[in-house]
Amino acid sequence: MARIVVDPITRIEGHLRIDCNVQNGKVDNAWSSGQMWRGIEIILKNRDPRDAWIYTQRICGVCTTVHAVVSVRAVENALNMEVPLNAQYIRNMIIAAHGIHDHMVHFYHLSALDWVDVVSALSADPKKAASLAQSLSDWPNNTWQEFKAVQDKLKGFVASGQLGIFANGYWGHPAMKLPAEVNLLAAAHYLQAFEYQRKANKITTILGSKTPHIQNMAVGGVSNPINPDSEDALNFERLAYIKAMIDEVGSFIHNVYLTDVTAVAAFYKDWLNYGKGVVNYLSVPEFPVDTKGTQFLLPGGYIPNGNVGAFEPIKSFNDALFEDNVKESIKHAWYDGEWDRHPYEEDTVPKYTDFQDDGKYSWVKAPSFKGKPAQVGPLANVLGMYAAGHEGTQKYVNLALSKVSALAGEKVGVGALHSTLGRHAARCVRTALLYDVLVQNYNLLIENMAKGDFATFNKPEFPSGEQRGFGFHEAPRGTLSHWVVINNGKIKNYQAVVPSTWNAGPRGSGDELGPYEASLVGNPIADEKKPLEVLRTIHSFDPCLACAIHLHDNENQDISKVSVW
Ligand code: NFE
Ligand code: MG
């Protein structure tokens, strides 16, 4: 038996340590440990609830918008407020554009190098790579000249001894299986993706005034002034500029991202069998298109035990199914006590011990839904929408599966989604849906402005006494919720239950493995000194530990350590 410790996991946000016991070339037990603690929930006590979104947004600079959006939703819910339509549409466009940027960065820049061997791309034939690429998609940049230019760039890095962003990878690892030409194609798209994620992010910047960390949120709406007659406000000219970027980003999603994910899935079809883990899936509806949060463009809900037929929808911003069934356990987390509590009743009192395999070993709390751990994220979201019969989801899932099946030469069904590569495929399907939602909300905003409605804000009023509220949001890494208790206009308690908390959580009150942990069990490990397979599965969740533990570093942490004993 070998114990593999990867600490920290890189190409994620924050400090995550993963421990695995390996027996006969396979993982047979695992621990996920958040190695940082932040305390944003404590900082919020006694503050004005209208300011909470500014603080909570500093939880993370990756999912930068999400803690702003969900925070105002929680306070609006506590006050029973409605939000003007324009504000919903502007928020929706920001959420969709940010999600598209985030998913593209995840696939290309944070996880593709687990599958793509950049060094192998040096020996590819650019003409063969181009003819393969052109057989898969009609993306205009799939030319041999482009591939040759990328290869020359890579050769330049190697010749100068400066591999830069490609310096540390498991190049030549036995689990790397792509032909040299596919590696070259993917390396080219890796570089192109920088440009397109930037365009998506620019949409967020224009509407949110800044990113990371948008500035236009408000309890009751958004602070964007709409005025077709002013150059200093949101007007049709600015919106036309945004539309041009929406179109360019859409072309990259459909012609490049979707094609590349399906090609990787076909070449690595084994990885449609690994990485399943926890199959209780939780997602929430997103993109409200009414003032109250009762109608949504994309559905969400709970799937117990992988049974899509038992899907339970979550229908509104007041849904009791969601409000009543979320809890967090600290039995295995570095907080004082052993409780399992509803967020309104939680406290956050840090109490560090050492790493105890059977005791406390993480700063991440362990959330549960209906008493069980649940997986969240694009896979949970896509399976939920599929279960709800959402047409667009079925269209893109079927399209992706048919492309994988054609390339793999065998039928690949929906069941394959419960896997490491299934998470990438689902993220890509979700990106295509986010693009459609972005276009829809752009059109809704234009139509509403054309009717002469320029309202973006309803003023919040805080009654005396106590109010409780929750807000949820389907963030890039999955279901995010904020829970607030307000007393006489000040925050009495504030809890964030975050996507990476759900997935990176340690064992809960029933000692069941959390989603990262469970997904690693059964993964093959070809070389214990180079645990690439662990990275593949963990990266497929797109971890964000800044979010999951919402402080900063303990003293003297190693910058990089991979050890085996
Ligand atoms: Ni920091 Fe986040 C997202 C949130 S956490 S990236 O998406 O909320 O998982
Ligand atoms: Mg929390």
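**Figure 1. Surroundings of Ala-233 in the predicted model.** Outside its neighbours up to four places away in sequence, Ala-233 touches Pro-225, Ile-226, Asn-227 and Arg-238. Ala-233 sits in the loop that runs between β6 (221-222) and α9 (236-267). Its relative accessibility is 10%, so Ala-233 counts as buried, the limit being under 20%. Arg-468 lies 235 residues from Ala-233 along the chain, and 35 Å separate the two C-alpha atoms.

**Figure 2. Ser-137 and its contacts with Asn-255 and Thr-259.** Ser-137 belongs to the loop between α6 (126-136) and α7 (144-159). With residues up to four places away in sequence left out, Ser-137 touches Asn-142, Asn-255 and Thr-259. A polar atom of the Ser-137 side chain is 2.7 Å from the backbone oxygen of Asn-255. Ser-137 is classed as buried because its relative accessible area is 10%, which falls under 20%.

**Figure 3. The shell around ligand 1.** Ligand 1 is surrounded by 13 residues, and the closest are Cys-60, Cys-63, Ser-500, Cys-544 and Cys-547. By class, 10 residues of this shell are nonpolar, 2 are polar and 1 is charged. Two helices, α3 (66-78) and α14 (499-504), each contribute at least two residues to the shell. Three polar pairs involve oxygen atoms of ligand 1. A polar side-chain atom of Ser-500 is 2.6 Å from an oxygen atom of the ligand. For Arg-477, a backbone N or O atom is 2.8 Å from an oxygen atom of ligand 1. For Pro-476, a backbone N or O atom is 3.4 Å from an oxygen atom of ligand 1.

**Figure 4. The iron atom of ligand 1 and Cys-63.** Cys-63 (SG) is the single protein donor to the iron atom of ligand 1, at 2.4 Å. The nickel atom of ligand 1 is 3.1 Å from the iron atom. Cys-63 is placed in the loop between α2 (52-56) and α3, and Cys-63 is also among the closest residues to the ligand.

**Figure 5. Ile-18 in the largest nonpolar core.** The largest nonpolar core holds 163 residues, of which Ile-18, Cys-20, Ile-100, Leu-445 and Ile-549 touch the most other members. Apart from neighbours within four places in sequence, Ile-18 is in contact with Ile-4, Val-5, Val-6, Ile-9, Trp-31, Ser-32, Tyr-516, Leu-520, Val-534 and Ile-538. A second core of 19 residues is separate and includes Phe-317, Leu-321, Phe-322 and Phe-470.

**Figure 6. Helix α11 and Gly-389.** Helix α11 spans residues 378-387 and is mostly covered, with 8 of its 10 residues buried. The buried positions are Pro-378, Leu-379, Ala-380, Asn-381, Val-382, Leu-383, Gly-384 and Met-385. Gly-389, just after α11, has a positive phi of about 80 degrees.

**Figure 7. Gly-415 in the loop between α12 and α13.** The flanking helices of this loop are α12 (391-408) and α13 (420-450). Gly-415 counts as exposed because its relative accessibility, 53%, is over 50%. Gly-415 and Gly-306 are 109 residues apart along the chain, and their C-alpha atoms are separated by 9.6 Å.

**Figure 8. Cis peptide bonds at Pro-8 and Pro-212.** The bond from Asp-7 to Pro-8 is cis, with omega near 0 degrees. Pro-8 lies in the loop between β1 (2-7) and β2 (16-23). Thr-211 and Pro-212 are likewise joined by a cis peptide bond, with omega about 0 degrees. Pro-212 is in the loop between α8 (180-208) and β5 (217-218).

**Figure 9. Positive phi at Asn-46 and Phe-287.** Asn-46 is not a glycine, yet its phi is positive, at about 70 degrees. Asn-46 lies in the loop between α1 (40-43) and α2. Its relative accessible area of 59% is over 50%, so Asn-46 is exposed. Phe-287, another residue other than glycine, has a positive phi near 75 degrees. Phe-287 is part of strand β8 (residues 286-288). Phe-287 is buried, since its relative accessible area is 0%.

How values were computed: Residues numbered from 1 in each chain as written. Chains lettered and ligands numbered in written order. Heavy atoms only, no water. Near = heavy atom within 4 Å. Polar contact = N/O pair within 3.5 Å; in protein donor to acceptor, adjacent residues only side chain to side chain. Helix = DSSP H or I, 4+ residues; strand = E, 2+ residues; numbered from the N terminus. Nonpolar A, V, L, I, M, F, W, Y, C, P; charged D, E, K, R; others polar. Donors = N, O, S within 2.8 Å, 3.2 Å for Na, K, Ca; no water. Core = buried A, V, L, I, M, F, W, Y, C linked by side-chain atoms within 4.5 Å. Buried < 20%, exposed > 50% of the residue type's maximum accessible area, 1.4 Å probe, protein only. Contact = heavy atoms within 4.5 Å.
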